Amino acid sequence: MPQTQRQTDKKLRLLPLGGLGEIGMNCLVVEYGPDLVLIDCGVQFPDSHWPGMDLLVPDFSYVRDRLDSLKAVVVTHGHDDHIGAIPYLLKERDLDVYATPFPTGLISQKLAEHSDLKEIRFHKIENRKRFTIGPFTFDPIPVQHSIIEALAFAIETPAGVVIHSGDFKHDAHETSQGKIGFEPFQEWGDLGVKLLLSDSTNAERPGHTLSEMEIKDSFTEILNKQTGRVVIALFASNIKRVEKLMHLVHSQGKKVAFAGRSMHTYTKLAFEQNSLKIPPETLVLLENIGMFPDDKIVVLVTGSQAEPQSALLRISEGIHKDFQIKKGDLVVMSSRFIPGNEKAISKMIDQLYRSGAQVIYESIHQVHVSGHGQQEELLMMLKATRPQFFIPIHGAYRHLSKHAKLAEESGVALENIRVIEDGQLVELSDKGLESVETIELKKAVVVGTSFVEGSPDVFAQRNNLAKTGVVFAVFMRDVKTLKLIAPPAVKAYGLMYFQGEKPEYVAEDAEDHLEDVYYAALHSGELEETLRLEGRRFFKKKVSHKPVFIPLVLDV
């Protein structure tokens, strides 16, 4: 949209760059006139459809075209799917980032892994202390989540009050961060909320999210019955769960050790910021746990999702340098199985059993509760804020659709509810909430810390290679006579041969066949295409999938 039109057309624009219609990569453009802010700027971890890729980052094209208008990034909390892409935006221009101390510390650590970044200016957010960016005034409202210092925002805009819930749940029994409830949202509801944007992650789950106190009871029972070492796998960012576990262990006169880089990183930062209280004489080094009886040792470890190179995965494979599973160990998986990770986690659990451990996980024992509100909490947010308009955020499309139905049941008029996905631009004005246009977004792909270029066709090719394998056939010929000076050289990678087929014999037969094809097609005008098609047909009879076949004709 031309700059002059954006400056004179006074409507509030909202454009999700990630997180709507998918899990992760949360990033929302909030724009009014010439001023633009981002709420969150997260990454997504690629699944098997993105082979060899490390991270997916939002498409910043819309922001890149308006860099002079970008006033700030405002952070709801410190999970990677909300802050992980900030370093990549910082490659584009200097940034003002508004965040509480814990995510500020996490962002700073991420920046140290990058080079060639522009300047970043941090602005400290304090609960309920308002701050203004351009035409927007933010009221930071503390919420409960699976990480400390999580926030929602009530945003005063010229088009009305917009509430962004962030990720949230409600746990009346959890007071480690003070009393947190829906009262601030009710206050804004009394004043009048034009639009609510609310977390949809658990919109399919009826009832109320369980309290952290319930898993404390489960862990108390587990530790009371402890006869060997207990290994508890959890997300390192769940600082308050780590703290509760450490105090529980301390109360029983036992010791805690950490395993995993992120466990050390997150707890060190939280401890330095006085957000983590470590009981005295409880924490020991992992390499020193042999100095204590097995039934007095608890290890808090990362890798609950079987991430490559994670501590628990390396432990399950027997290659961790400081910890090996032995008979009598108990492994507790204090996290949910994130969709897409189930196979890897199941394989890891099997390997832990093979090594002699027993394993407890959520489906068989209450050792984890979600950081996202279920249907009762989502309704509590809707009833507290009483919005005129509603957009569900943060979730796959089915989550958004289910949340929209809850909003209708709570009293929001059906015509005032919009289910939108990434790239769908909406405008809020006196006329209401209108869908304007759909902007094509292409996720940016990161390997290491660098962007890599790749069209959808390229990633389709990579997936095809992973599925089918590849065969190279080199034809060396005399440049004058065009006769082959040696039989074709065939080299195959990643093929699954049918039972009874020997790779070396298949290669020899392929070389003989391709030599005949070469001379038959030499003067056809389509030599390389004929070699490619015939090569694929030949291998189709020998292997599970028709491979990618690449003929290389070299003149000597």
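Two aromatic rings of Phe, Tyr or Trp are counted as a pair if their centres lie within 6.5 Å. In this predicted model, that rule yields 13 aromatic pairs. The tour below visits two of these pairs, then a cluster, and ends at a charged side chain.

**First selection: Tyr98 and Phe131.** Display both side chains and view the rings along their planes. The ring centres are 5.0 Å apart and the planes meet at 10°; planes under 30 degrees apart count as stacked, so this pair is stacked. Tyr98 belongs to strand β6 (residues 95–99) and Phe131 to strand β8 (residues 131–133). The pair thus links distant parts of the chain, with the two positions 33 residues apart in numbering. With a surface shown, Tyr98 proves to be buried, at a relative accessible area of 14%. Phe131 is likewise buried, with 12% relative accessibility.

**Second selection: Phe153.** Keep Phe131 on display and add Phe153. Here the ring centres of Phe131 and Phe153 are 6.4 Å apart and the planes stand at 90°, so the arrangement is edge-to-face. This contact also joins distant parts of the chain: Phe131 in strand β8 is 22 residues from Phe153, which lies in strand β10 (residues 151–157). Both Phe131 and Phe153 are buried.

**Third selection: the cluster.** Add Phe138 to the residues already displayed. Tyr98, Phe131, Phe138 and Phe153 make up one aromatic cluster.

**Final selection: Tyr62 and Arg66.** Turn now to a contact between a charge and a ring. Arg66 is placed over the face of Tyr62, at 3.6 Å from the ring centre.

Definitions and conventions. Residues are numbered from 1 along each chain as its sequence is written. This is a predicted model: local features need pLDDT of at least 70, side-chain atom pairs count only at pLDDT 80 or more; totals for chains, interfaces and linings use all residues. Side-chain values use heavy atoms; hydrogens and water are left out. Rings of Phe, Tyr and Trp (its six-membered ring) pair if their centres lie within 6.5 Å; planes under 30 degrees apart count as stacked, over 60 as edge-to-face and the rest as tilted. Helices (H or I, at least four residues) and strands (E, at least two) are DSSP runs, numbered from the N terminus. Buried means under 20% relative accessible area, exposed over 50%, partly exposed in between (1.4 Å probe, protein chains only). A charge sits over a ring if NZ of Lys or CZ of Arg is within 6 Å of the ring centre and within 35 degrees of the ring normal.
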